[in-house]
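Please open the model in your viewer, with the sequence panel beside it, and follow the stops below in order.

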Amino acid sequence: MPDCRNPFPPKEKVRMPCSRQQGDEESLALAQALQAEEDAAAARALRRPPHPSHRPPRQRETPWARAPRGGEAELSPPRRLTVHSDAAHAMRVARELLAPHAPTLCADEACMPRQLDNWSCGYANLGALLLSVARRGLHGVPADLRPAAVQALVEEAWRAGFSPRDRTALVGSRKWIGAPEWIIALWHLRLHALIIEVAGGGRGASGPGGAGRAVLAAVSTCLEQCTDLPILLQHHGHSRTVLGVLARPRRLVVRDPIDPPGELRCFSARELDGKPYQIVVIVNRTPANEEAPVGLSSEQVNDRKGEPRAAALWTATGWKYDSSCRMRFK
């Protein structure tokens, strides 16, 4: 009989059985040996992790859904999405794509900014906002919105008496501009605009009192009560245009001018925490969603000259409001 521990020894030929009984016994022994070898191999496999090439492929999560929680699937918006690059249809497409998340977005006439240089984000965002104003049929917006023209507009506002603390010559330079320059340019054009400030706190300043939640609260309230135009968002070193908010889950819908045409981003409160922000809003709506006067009177313009002051300020202790702000952010 062959050795059961090695049914097929090397350099040996397997002999055919000489009788039926002997053949049955040898077949049984061979089957037992093969089974023992399979059991031993299975036991060894259990004692060591499988080779990476043998692991089952990882199931990739789609950007629109998370794993079920509490027996119900929870929709999650994509971190980025691409809409039609045509300005006449971009917001309409965004509204359709984000419909499952109950969006509050600005009007379809909103223009998406695009910067061409690493220093021109502030010019691109302000230019896109003014172009959005012009598309709504509001007059007084300059026809030329290139960076050089915007620089001249800001310096003109300085000469008219709107005077930020740290102004320096802009025309012909590559200097950045942000919320202080935006707000005085809008006031100089006699547009009713507000500047809202959010103190960032530390990186751990999240939760109900975090800066991210404060930004979401301010933007959401403004879109509900005072504007359907894009909103400008400034933080240290960069600026973006806010196009709306999502309710389920709570997210900020943003157009970053450095992104490819038509691409939008969605930010959670946690992703926004830890930084100070300045928000600039043009008031053109009432809480009843009716058109409000956009132009400022001469008296209102004169009242805004000098150092720009915030209509509302958020710190870790909560919101503080100027008399010019009738909204309350929650």
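In which loop is Pro249 found? Select Pro249 together with the strands on either side, and you will find this proline in the loop between β5 (238-246) and β6 (251-255). Keep the selection and add Arg248, since the peptide bond that joins Arg248 and Pro249 is cis, with an omega of about -15°.

Before going further, colour the chain by confidence, bearing in mind that this is a predicted model. The average pLDDT of the chain is 81, and 73% of the residues score at least 70. Select residues 49-73, where the pLDDT is below 50 and where the model nevertheless shows 18 contacts beyond near neighbours in sequence. Then select residues 202-207, another stretch with a pLDDT below 50, for which the model has twelve contacts beyond near neighbours in sequence.

Now zoom out to the whole chain and switch to a cartoon, in which the secondary structure comes to eight helices and ten strands. Of the 330 residues, 43% count as buried, and if you display the surface, you are looking at about 18,800 Å² of exposed area, 52% of which is supplied by carbon and sulfur atoms. Among the contacts with a separation of 6 or more, 64% are made by residues 24 or more positions apart.

Next, select helix α5 (residues 179-188), which is mostly covered, with eight of its ten residues buried. Show the side chains of the buried residues, which are Ala179, Glu181, Trp182, Ile183, Ile184, Ala185, Leu186 and Trp187. As you rotate the view, recall that an α-helix has 3.6 residues a turn, so residues three or four places apart point the same way.

Moving just past the end of α5, select Arg190, which takes a positive phi of about 65° although this residue is not a glycine. Arg190 is found in the loop between α5 and β3 (193-198), where it is partly exposed, with a relative accessible area of 38%.

For the last stop, go back along the chain to Ala102, which also has a positive phi, here about 50°, without being a glycine. Is Ala102 in a helix, a strand or a loop? Its place is in the loop between α2 (90-97) and β2 (103-105), and with a relative accessible area of 27%, Ala102 is partly exposed.

Technical notes
Residues are numbered from 1 along each chain as its sequence is written. This is a predicted model: local features need pLDDT of at least 70, side-chain atom pairs count only at pLDDT 80 or more; totals for chains, interfaces and linings use all residues. Side-chain values use heavy atoms; hydrogens and water are left out. Helices (H or I, at least four residues) and strands (E, at least two) are DSSP runs, numbered from the N terminus. Buried means under 20% relative accessible area, exposed over 50%, partly exposed in between (1.4 Å probe, protein chains only). Contact means heavy atoms within 4.5 Å. Accessible areas come from the Shrake-Rupley method with a 1.4 Å probe; for residues, only the protein chains shown count as cover. pLDDT is the predictor's confidence in each residue, from 0 to 100.
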